[in-house]
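I opened this notebook to record what I looked up in one chain and in what order. The entries below follow my path through the structure.

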Amino acid sequence: ALYVVGVVVFTLPPMRESRAIIGLMLGIKAQILFMAPFTAIFSRLIGRARMTNNLATALCLAPAIGAALGTVLAPVSVSVAGTIPFTLAATPAIAAIGCIVWAWSLLEGVPRPAVARGPPAPPLGET
């Protein structure tokens with residue numbers, strides 16, 4: 001949601017320098033705050049045995065590829081900056097939030113980590 005707010009603040013007309021800076025800072029903050037936990041959660045959900053180096057690399061490269069595509073497409077968007085069509089730049093972020101909300105119920109089927117069975121371990125320092 002932090003990223004979506006950043007994109008919406010950045011793209012809503014009329015363009016203002018202060019909103020562009022706030023939107024950029026919110027987007028950067030969202031990437032910094034949520035990329036590492038997202039990678040860890042994704043790794044846990046698919047399991048250690050299936051998490052490969054190639055998959056981890058692709059997952060970590062996704063934000064960089066998105067940023068590169070955004071940079072390449074930015075000159076096309078300049079001509080519509082400050083207009084309603086410019087807000088279409090928020091569509092991927094809004095779609096991603098929608099997919100997360102829609103799929104939230106599917107998380108109940110994720111296997112939980114095994115709980116250790118047997119007598120509890122003695123406290124540290126006792127034998």
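Does Thr11 count as buried or exposed, and what is the relative accessibility that decides the matter? I kept in mind from the start that this is a predicted model. I located Thr11 in helix H1, and I read its relative accessibility as 2%, so Thr11 counts as buried, the cut-off being under 20%. I then listed what Thr11 touches, leaving aside residues up to four places away in sequence, and found Thr83, Phe86, Thr87, Ala89 and Ala90.

**Entry on the chain as a whole**

I looked up the secondary structure next and noted four helices and zero strands, which read along the sequence as the pattern α-α-α-α. Of the 127 residues of the chain, I found that 13% count as buried. I also checked how far apart in sequence the contacting residues are: among contacts with a separation of 6 or more, 62% are between residues 24 or more positions apart.

**Entry on confidence**

I recorded a mean pLDDT of 75 for the chain, with 79% of its residues at 70 or more. Going through the elements, I noted that helix H1, residues 2–11, has the highest mean pLDDT, 81, whereas H3 has the lowest, 76.

**Entry on H1 and H2**

How do the axes of H1 and H2 lie, and within what distance do they come? I found that the two axes cross at roughly 160° and come within 7 Å; the angle is over 145 degrees, and H1 is therefore roughly antiparallel to H2. I noted the crossing of H1 past H2 as left-handed. On the H1 side I listed Leu2, Tyr3, Val5, Gly6, Val9 and Phe10 as making the contact, and on the H2 side I listed Arg19, Ala20, Ile22, Gly23, Leu24, Leu26, Gly27, Lys29, Ala30, Leu33 and Phe34. Sorted by class, the residues of this contact of H1 with H2 come out as 12 nonpolar, three polar and two charged.

I then turned to the loop between H1 and H2, where I found Pro14. The peptide bond leading from Pro13 to Pro14 is cis in the model, and I noted its omega as near -10°.

**Entry on Met25**

I placed Met25 in helix H2. Its relative accessibility is 49%, and because exposed requires over 50%, Met25 counts as partly exposed. I also looked up its separation from Phe10, which is 15 residues away along the chain, and read 9.8 Å between the C-alpha atoms of Met25 and Phe10.

**Entry on H2 and H3**

At what angle do H2 and H3 pack, and how far apart are their axes? For helix H2, residues 17–46, and helix H3, residues 53–78, I recorded an angle of about 155° with the axes 11 Å apart. Since the angle is over 145 degrees, I entered H2 and H3 as roughly antiparallel to each other, and I noted that H2 passes H3 in a right-handed crossing. From H2, the residues Gln31, Met35, Phe38, Thr39, Phe42 and Ile46 meet Leu55, Leu59, Cys60 and Pro63 from H3. By class, I counted eight nonpolar and two polar residues in the contact of H2 with H3, and no charged ones.

Conventions: Residues numbered from 1 in each chain as written. Predicted model: local features only at pLDDT ≥ 70, side-chain atom pairs only at ≥ 80, totals over all residues. Heavy atoms only, no water. Axes fitted to C-alpha atoms, helices over the stretch in contact; angles between N-to-C directions. Helix = DSSP H or I, 4+ residues; strand = E, 2+ residues; numbered from the N terminus. Parallel < 35°, antiparallel > 145°, perpendicular 65-115°, else oblique. Left-handed = near helix turned anticlockwise from the far one by under 90°. Contact = heavy atoms within 4.5 Å. Nonpolar A, V, L, I, M, F, W, Y, C, P; charged D, E, K, R; others polar. pLDDT = per-residue confidence, 0-100. Buried < 20%, exposed > 50% of the residue type's maximum accessible area, 1.4 Å probe, protein only.
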